[in-house]
Amino acid sequence: MVLAAKQIGFSNPLLRRNPSSPSLQRPPPSLSFPSTALPKRTVLSLSKPLRLSSLTAESPVRCSAYEADKSEPQPTDAAAAAAETKSEAAKKLKIGVYFATWWALNVVFNIYNKKVLNAYPYPWLTSTLSLAAGSLMMLISWAVGIVETPKTDFDFWKTLFPVAVAHTIGHVAATVSMSKVAVSFTHIIKSGEPAFSVLVSRFLLGETFPASVYLSLIPIIGGCALSALTELNFNMTGFMGAMISNLAFVFRNIFSKKGMKGKSVSGMNYYACLSMLSLLILTPFAFAVEGPQMWADGWQKALSDIGPQFVGWVAAQSVFYHLYNQVSYMSLDQISPLTFSVGNTMKRISVIVSSIIIFRTPVQPVNALGAAIAILGTFLYSQFIGLGCFWSNIVEDSKILSLRSNVSLTACHAGKALIRQDMECCSPMLSSLISVKTGSEGLDVDMCSQ
């Protein structure tokens, strides 16, 4: 990475290095030394890039870099701008493909899942088969080398356990809900998850939010309530299943945020490990709640009613469940949580509309109005909470660091990797303060990030 920074009050301590070092006997030709007659605010540029050597995930985050001796010539401004434009276009296309794939897989899963549950109303086994299919797929991918096997230890699995418990509860509760009510109704109620997130964070974790965030909960709660009251096929078990799923997934996100800091596991492998641990947790409960005898009797009835294609339905819903979740985690590796949240809102709309069309679900106008209000509230929530986080970072980033070399500089960059890892901020642009200090060993870079 190439360092370019604005300098305030340039002074000679920047040049204090070991005089015996051959590389420092004369200044590099590309390093400009402003005279004292120049204005205080000048530009310091280094043509040699800084190579990242280490990164320590502490507070503040510390990373070290060294100056490369044999650096490739830097591209001209025009060439760099053209390359950056091309890179941005490719990135947007990649994100678009991720979103389209994510939405399509989710719609297909919900369709097959509802078909299976209509013919075979055993949500505990259906949930278990979904996790089992994904676990088997990832084990095969690791074995044949399609996906790199994650490096985990006991501490990783220990911190993952509460996440897996919450994930298991949320998964089963959502499946129970869809076995009792229409897919569209389940997803309308699940659009109220932000309300649970704010309330849990406020009263259990003591976090505060801007007033706009609290106001955005009004259409969410009101829209969900209006849809529930006007649902033609309302079922209390289905309603409570969706509500429990919301609460469980909120705790899953909290446990994941607090327990998985500093864990270097990709999104795909993280979800694979989560599925495997959830499968181990869920299996004994599935046997206890439903059991093999109920499963066998129901299987025979479903085969006689539907025919051999029922087996294909079960396989499809199990495989597509893992695929859509895997793509969603892969998408989170590429985008900020705010963009992901907006994409999740649009995904829910596509599922609601497609399920109403395919299953010909009767919908009253007032019910559709409630769904629209709830989804609009979810969208506003994602925007307001992201905006609040963005401005909080702007306030922090307005501080200028004083350095050993008496050089003060402020630099901002989009720290998306830290956002994706910590899941603490919903802003698409996380600003960081970078200080560069000189020393006999070379250049150290300190990054103080939210």
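**Confidence and a nonpolar patch in a predicted model**

Reader: Why is Met240 called partly exposed?

Author: Its relative accessibility is 38%. Buried means under 20% relative accessible area and exposed over 50%, with partly exposed in between (1.4 Å probe, protein chains only); Met240 therefore counts as partly exposed. This is a predicted model, in which local features need pLDDT of at least 70, side-chain atom pairs count only at pLDDT 80 or more, and totals for chains, interfaces and linings use all residues. Residues are numbered from 1 along each chain as its sequence is written, and side-chain values use heavy atoms, without hydrogens and water.

Reader: Which residues make the nonpolar surface patch?

Author: Ile169, Phe234, Met236, Met240 and Ile244 form a patch of about 440 Å². Patch residues have over 30% relative accessible area and no salt bridge (a side-chain nitrogen of Lys or Arg within 4 Å of a carboxyl oxygen of Asp or Glu); nonpolar side chains are joined within 5 Å, like charges within 9 Å. Helix α7 (residues 236–259) gives the most, with three residues, and Met240 is found in helix α7.

Reader: What is the average pLDDT of the chain?

Author: The average is 74, and 66% of the residues score at least 70, where pLDDT is the predictor's confidence in each residue, from 0 to 100.

Reader: Where does pLDDT stay under 50?

Author: It does so over residues 1–48, with 62 contacts beyond four places in sequence, and over residues 390–450, with 146 such contacts. Contact means heavy atoms within 4.5 Å. Where pLDDT is low, the predicted coordinates should not be read in detail.

Terms used:
Accessible areas come from the Shrake-Rupley method with a 1.4 Å probe; for residues, only the protein chains shown count as cover. Helices (H or I, at least four residues) and strands (E, at least two) are DSSP runs, numbered from the N terminus.
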